[in-house]
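Let's take a look at how charged side chains pair up in this one, and where they are left without a partner. The model comes first, then the contacts.

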Amino acid sequence: MAVDLASLTLEELTDFIKELGEPSYRAKQLFSNFAAGKNLDGMTDIGKNLKEKLRPYAFSSVEVSEKLCDSDGTVKYLFRLSDGNYIETVLMRYKHGNSVCISSQVGCRMGCKFCASTLKGKVRDLTAGEMLMQVAFVNKNDKVSNIVIMGVGEPLDNFDNLVRFLENVNNPAGMNIGQRHISVSTCGLVDKIKELAEKDFQITLSVSLHAPNDVIRDRIMPVNHKYRVAELIDACRYYISLTGRRISFEYTLIKGVNDSPACANELAALLHGMLCHVNLIPVNYVSERGLLPSDRHTVDAFCKRLCAKNINTTVRRTLGGEINASCGQLRHKKEEEKGNGL
Ligand code: SAH
């Protein structure tokens with residue numbers, strides 16, 4: 001039971017299939033079936049005998065528990081995993097194609113003060129196969145062109161499975177999604193940002209910065225006690241220098257916390273001359289957190305101030321407002337209903 005077949009690379013799957021005494025082209029068939037989100041019984045090109053040989057092994061899978069549709073086209077899935085845990089996946093429709101936002105862990109241990117995903121900590125890491133199945137499931141009905149790993153969890157806290165997923169989803173024998181169409185978002189695990197830089201992937205790195213200095217960042221992101229803002233920015237510069245890729249900084253605007261003109265000035269100075277983009281997002285209200293979003297005028301003024309200082313900045317369009325589409329809110333509700341004190 002130890003191997004999860006849907007998490008293996010094509011090479012590993014080929015070795016595994018050969019050990020079963022089967023021809024290696026079977027590995028390619030299996031790999032492409034996983035990319036199509038099929039379970040063993042749904043695989044039409046795998047014969048009965050081989051299916052019986054494979055049945056004792058584990059396969060990552062996701063099963064829809066709830067599906068919520070927003071009138072703006074956003075769809076949020078609450079998926080049930082084989083061990084009964086729940087994760088969230090969101091499909092967003094843009095003019096340039098469909099994006100799917102996937103989870104990387106069940107829960108999260110990073111403790112950001114505005115986030116619903118981390119309220120009860122981390123339960124476990126997702127396997128590479130479970131990350132793949134989220135994309136594959138959505139792709140069955142709505143062609144996915146972009147992936148953002150910005151759902152529940154801290155992807156760089158599940159580094160090996162993340163890398164495995166990135167390689168598998170990019171493989172032409174599988175889903176074949178180009179690295180430039182994939183974004184990974186992190187709260188700023190400096191060591192892992194450097195390790196990722198050394199992989200030289202062409203993905204986009206999003207860094208959840210949310211504050212221009214240690215005093216404010218310490219208040220809202222516990223990870224900042226371990227990795228200070230200056231170290232994080234150094235790691236980002238290292239990432240840019242190795243990959244040549246522009247970094248996207250996420251900055252959630254919270255009323256009275258990080259939205260002053262002084263914060264905008266400090267942020268502009270911090271990012272001066274860097275190959276980057278800033279995404280401003282008024283914080284989504286999470287009742288357990290009680291933090292309020294900045295008002296429209298403050299958001300616009302913050303954006304203008306950064307642009308005036310030549311920092312490429314946009315205000316993120318929010319999708320899925322009617323269905324609580326942001327991080328962790330649906331899973332949290334489900335866990336509360338189940339009454340399982342995670
Ligand atoms: N752990 C990763 C990815 C998951 S969170 C990270 O921290 O980047 C995805 C993004 O949503 C992050 O930028 C996170 O800071 C942001 N986020 C979390 N809760 C939010 C909220 N209530 N309102 C707005 N953005 C939020």
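Start with K53 and E22: this is a predicted model, and in it the two side chains form a salt bridge, with the closest N and O atoms 2.8 Å apart. K53 sits in helix α3 (residues 48-54) and E22 in the loop between α1 and α2 (25-35), so the bridge ties together parts that are 31 residues apart in sequence. How covered are the two partners? K53 is partly exposed at 35% relative accessibility, whereas E22 is buried, at 17%. That label follows because buried means under 20% relative accessible area.

Next up is R164 with E12, a salt bridge at 2.6 Å, N to O. This pair links distant parts of the chain, with R164 in helix α5 and E12 in helix α1, 152 residues apart. R164 is partly exposed, its relative accessible area being 25%, and E12 is partly exposed too, at 30%.

Then there's R124 and D83, whose closest N and O atoms are 2.7 Å apart in another salt bridge. Here R124 belongs to strand β6 (residues 122-125) and D83 to the loop between β2 (75-81) and β3 (86-94), so parts 41 residues apart in sequence get tied together. D83 counts as partly exposed, with 44% relative accessibility. Elsewhere, D41, E52 and R55 are joined into one network by salt bridges that share partners.

Here are the three pairs side by side:

| Salt bridge | N to O distance | Apart in sequence |
|---|---|---|
| K53 and E22 | 2.8 Å | 31 residues |
| R164 and E12 | 2.6 Å | 152 residues |
| R124 and D83 | 2.7 Å | 41 residues |

A search of the whole structure turns up 15 salt bridges.

Now for the charges on the surface. Which residues form the negative surface patch? They are E11, D15, E19 and E167. Helix α1 (residues 10-19) gives the most to the patch, with three residues. E167 is found in helix α5 (residues 159-170) and is partly exposed, with a relative accessible area of 38%.

Finally, the overall picture. The protein chain has twelve helices and twelve strands. Its radius of gyration is 21 Å, which agrees with the value near 20 Å for a compact globule of 342 residues. Along the principal axes, the C-alpha atoms fill a box of roughly 70 × 45 × 40 Å. Of the 342 residues in the protein chain, 55% are buried.

Technical notes: Residues numbered from 1 in each chain as written. Predicted model: local features only at pLDDT ≥ 70, side-chain atom pairs only at ≥ 80, totals over all residues. Heavy atoms only, no water. Patch = residues over 30% accessible without salt bridge, like charges linked within 9 Å, V, L, I, M, F, W, Y side chains within 5 Å. Areas by Shrake-Rupley, 256 points an atom, 1.4 Å probe, with all protein chains shown as cover. Salt bridge = Lys/Arg side-chain N within 4 Å of Asp/Glu carboxyl O. Lys, Arg positive; Asp, Glu negative; His and termini not counted. Charge placed at Lys NZ, Arg CZ, Asp CG, Glu CD. Helix = DSSP H or I, 4+ residues; strand = E, 2+ residues; numbered from the N terminus. Buried < 20%, exposed > 50% of the residue type's maximum accessible area, 1.4 Å probe, protein only. Rg over C-alpha atoms; globule rule 2.2 N^0.38 Å.
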